[in-house]
Amino acid sequence: MKIFVCVKQVPESSNVAVDENGVLIRDGVESKMNPYDLYALETALKLKEQLGAEVTVITMGPPQAESVIKEAYMMGVDHGYILSDRKFAGADVLATSYTLSQGIKSIGDPDLIICGKQTTDGDTAQVGPAIAEYLNMPHVAWVTKILEVDNKSITVEMDMADTVEIVKMQYPCLITVEKGIFQPRLPSYRKKLATKDKKVVMKTFTDFFDQQPNRYGLSGSPTQVERIFNPESNGEKVIWEGTGEELSNQMFTKLKELKFI
Ligand SMILES: Cc1cc2nc3c(=O)[nH]c(=O)nc-3n(C[C@H](O)[C@H](O)[C@H](O)COP(=O)(O)OP(=O)(O)OC[C@H]3O[C@@H](n4cnc5c(N)ncnc54)[C@H](O)[C@@H]3O)c2cc1C
């Protein structure tokens, strides 16, 4: 069984600037692996232990993003790829997902693809489902538990805020995982030594089957960033005191006044 995990390098701090195209300026900003992707990696490693799966990890980003692949090596993954090319720069969600789907196609046919639920910078939670659509495979997002798994199918629990759904999918398929699905292991010092010379394979535009430049990077990105700003905090705060009955009456009156009810 082949499992692919998508991991992204994100800025360490939320205090990052953007250039005139609304593109994040990542140079000189400390980076780390997107926290949700640690859960995706841990899920893959658990399945590797349970089913003898082979785990491949992929990132799309500038060359320095290969550090997240090296971190994944220290956790125990088997293969690592970085998709990097100037043509991929400035990608929005659509172009990022397309690039990842094409990268996956150029590497091989995974049975299961695992993504984090969302990132801490772009934060759209759309990349996983969009990759699945491009690869024409079913997906389940926001997976909180793996209930059953074998070499043919996986049954997962999905947290939909108001409801919990249980879904069984045959491979190939994709899941995005929530924090807490498993406790991520720490990179091991022994594996760090063992993998310090292990290469990260770079795939570029010319390795892809689809060579239409307007599907990638800024030119494949319909999103136009007009302005990025910190939201203003909404000012008015009121503290009410009283019995439960008084407070609920007050709440009812306020909600009516604001025309919520
Ligand atoms: C309006 C807007 C403007 C943007 N402008 C810029 C910009 O100018 N510059 C810029 O750098 N980014 C920009 N972004 C963010 C950029 O689009 C995202 O980096 C990219 O689309 C991934 O989306 P996300 O971070 O929301 O991922 P999510 O959908 O939140 O991520 C879910 C999961 O997908 C996988 N994943 C996501 N990205 C990658 C990746 N690169 N490699 C491997 N796996 C991945 C991971 O498993 C991750 O946990 C912008 C986003 C929006 C919405």
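Contact here means heavy atoms within 4.5 Å of each other. With that in hand, welcome to a predicted model of a protein with 261 residues, 40% of them buried. Its secondary structure comes to six helices and 11 strands, and nine strands form an open sheet with mixed pairing. A good place to start is Ala-72, a residue of helix α2 that touches Met-33, Leu-41, Val-57 and Val-77, leaving aside residues up to four places away in sequence.

**Around Ala-72**

- Ala-72 has 0% relative accessibility, so it counts as buried.
- One of its contacts is Met-33, and the C-alpha atoms of these two residues are 9.3 Å apart, although 39 residues separate them along the chain.
- Helix α2 covers residues 66-75 and carries the chain from β4 to β5 in a right-handed β-α-β crossover.

**The sheet as a whole**

- Reading across the sheet, the strand order is β9-β8-β7-β10-β6-β1-β4-β5-β11.
- The edges belong to β9 (164-170) and β11 (201-203); each has a single partner strand, so one side of each is left without a neighbour in the sheet.
- From one strand to the next, the twist averages 35°.

**Strands β1, β4, β5 and β11**

- Strand β4 spans residues 54-60 and is mostly covered, with six of its seven residues buried.
- β1 and β4 run parallel and are joined by five bridges; across this pairing, Cys-6 stands opposite Ile-58 in β4.
- β4 also pairs with β5 in the parallel sense, again over five bridges, and here Met-60 stands opposite Leu-83 in β5.
- Strand β5 (residues 79-83) runs parallel to β11, and three bridges join the two.
- Leu-83 turns up in this pairing as well, with Lys-203 as its bridge partner in β11.

**Helix α4 across the sheet**

- Helix α4 is made of residues 127-134 and lies across four strands: β1 (2-6), β6 (112-116), β7 (139-149) and β10 (173-177).
- Relative to β10, helix α4 runs at about 180°.

**The cysteines**

- If you are setting up bonds, note that the structure holds zero disulfides.
- Cys-6 is in no disulfide, and the nearest cysteine sulfur to its own is that of Cys-115, 4.0 Å away.
- Why is there no bond between Cys-115 and Cys-6? A disulfide needs the two sulfur atoms within 2.5 Å, and the 4.0 Å from the sulfur of Cys-115 to that of Cys-6 is too far for a bond.
- Are these cysteines buried or exposed? Cys-6 counts as buried at 7% relative accessibility, and Cys-115 counts as buried too, at 4%.

**Overall dimensions and surface**

- Along its principal axes, the C-alpha trace spans about 65 × 50 × 40 Å.
- The protein exposes about 15300 Å², and carbon and sulfur atoms supply 51% of that area.
- Of the contacts between residues at least 6 apart in sequence, 69% join residues at least 24 apart.

Note on methods. Residues numbered from 1 in each chain as written. Predicted model: local features only at pLDDT ≥ 70, side-chain atom pairs only at ≥ 80, totals over all residues. Heavy atoms only, no water. Buried < 20%, exposed > 50% of the residue type's maximum accessible area, 1.4 Å probe, protein only. Pairing = 2+ DSSP bridges. Axes fitted to C-alpha atoms, helices over the stretch in contact; angles between N-to-C directions. Areas by Shrake-Rupley, 256 points an atom, 1.4 Å probe, with all protein chains shown as cover. Right-handed = clockwise from strand over helix to strand, strands pointing away.
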